[in-house]
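Here's a quick look at how two chains meet. Pull up the view below and follow along.

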Amino acid sequence: MSQETYVWLAILGVTLATFLARSTVLLVGERLRLPPVVESALRYAPACALAGIIASDLLMTPAGLNLTLSNPRWLAGLAAAAIFAAFRSTIGAIFGGIAVFWLFRAWFGG
Amino acid sequence: MTPRAAFRRGMRELLPFTPGVFAWGLVTGVAMAKSGLTVAQSLGMTFLAYAGSAQLAALPLMAAFAPLWLVTLTAVIVNLRFVVYAMVLRRHLAQLSLNTRLWLGYLTGDVMFVRYSTLLEQEPDYPQRVAYFAGGATCNWIIWQVASVIGILAAGAIPAQWGLGLAGTLALIALVVPLCRDRAALAGVLVSGAVAVLAHDLPLRLGLLLGIVVGCSFAIALERRAATGETAR
């Protein structure tokens with residue numbers, strides 16, 4: 001198999017994988033019955049999914065868990081959460097967080 | 001309300017997340033170009049798969065000529081959170097035509113999914129919810145693809161030390177804060193985050209999935225306990 005063919009097949013593989021994950025349940029639709037407790041637990045799924053993505057992205061560095069001031073990413077996240085809680089502004093949270101990130105990184109000479 | 005108005009509202013409510021979605025699309029585009037994919041292959045991948053984290057997970061495997069089944073399986077597992085999303089969405093979309101469901105499935109992304117479930121909580125009787133979802137998801141798709149194409153074409157000009165990916169994560173924070181509206185939700189968020197960090201060394205982002213399962217279980221247990229406590233009083 002040439003490299004060109006391999007790459008295209010791999011791209012189709014990722015496409016198929018994404019389709020299976022995103023659409024199978026939608027296509028099965030109402031035929032899928034879940035226990036009521038699972039249905040109500042799913043209400044917390046969005047928040048829990050986001051929390052997992054956010055926490056591992058902000059706290060984990062290539063050297064492992066870093067909750068000190070030398071890791072500006074979680075400080076930026078904290079600032080973004082505070083800004084959003086105070087002003088309900090998404091744009092403010094994003095740019096405020098980025099500003100805090102740059103500030104701390106400059107401070108620690110990173 | 002007309003579907004068109006709801007579609008526009010969906011688009012409008014996604015717009016504040018533009019910096020985050022854009023930065024992520026850009027990072028993914030740059031990563032594809034820098035991993036040795038040609039421009040045509042990168043464009044093919046972003047338009048066919050449209051799955052940032054799965055694309056990023058597949059790239060190093062593809063660079064190493066890993067078996068195709070492994071690339072595909074990795075992408076399935078990285079995408080498992082979409083299965084959870086689809087479980088939430090399926091009740092609302094079940095009655096739609098096959099074609100529409102396929103399109104909406106393709107367009108489902110993290111940001112619009114959470115916006116949509118927030119709408120369901122705040123306005124449970126909102127009539128044109130599918131049009132609302134479609135509007136926001138389309139808007140997300142456009143922003144992402146524009147950014148991704150720029151990233152593919154301008155990969156050499158975008159230095160990694162800008163920390164662009166951070167903007168995407170900060171956008172998610174703006175999404176999660178309003179969801180922490182009671183003790184059960186807040187506890188679920190903290191538990192899920194902690195589990196994801198502790199299980200970070202698990203392969204294929206399985207720690208994330210574990211976090212969702214443990215976080216949701218914890219939240220629902222707290223909710224039930226609070227409910228029985230109230231009836232006892």
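At what angle do the axes of helix α3 of chain A and helix α8 of chain B cross? The axes of α3 (residues 45–59) and α8 (residues 110–122) come within 10 Å and cross at roughly 145°, with axes fitted to C-alpha atoms over the stretch in contact and angles running from 0 to 180 degrees between N-to-C directions. Helices here are DSSP runs (H or I, at least four residues), numbered from the N terminus.

This is a predicted model, where local features need pLDDT of at least 70 and side-chain atom pairs count only at pLDDT 80 or more, while totals for chains, interfaces and linings use all residues. Residues are numbered from 1 along each chain, chains are lettered from A in the order written, and side-chain values use heavy atoms, leaving out hydrogens and water.

Back to the helix pair: who touches whom (heavy atoms within 4.5 Å)?

| Helix | Residues in the contact |
|---|---|
| α3(A) | A:Pro46, A:Leu50, A:Ile53 |
| α8(B) | B:Asp110, B:Phe113, B:Val114, B:Ser117 |

By class, that's five nonpolar, one polar and one charged, where Ala, Val, Leu, Ile, Met, Phe, Trp, Tyr, Cys and Pro count as nonpolar, Asp, Glu, Lys and Arg as charged, and the others, Gly among them, as polar.

Now the whole interface. Chain B puts in 83 residues and chain A 70. Together they bury about 6,600 Å², 76% of it on carbon and sulfur atoms; that's accessible area (1.4 Å probe) lost on being put together, summed over both.

There are two salt bridges between the chains (Lys or Arg side-chain nitrogen within 4 Å of an Asp or Glu carboxyl oxygen). One of the residue pairs joined this way is A:Glu39 with B:Arg90, closest N and O atoms 2.8 Å apart.

Technical notes: Contact means heavy atoms within 4.5 Å. Buried area is the accessible area (1.4 Å probe) that two parts lose on being put together, summed over both. Helices (H or I, at least four residues) and strands (E, at least two) are DSSP runs, numbered from the N terminus.
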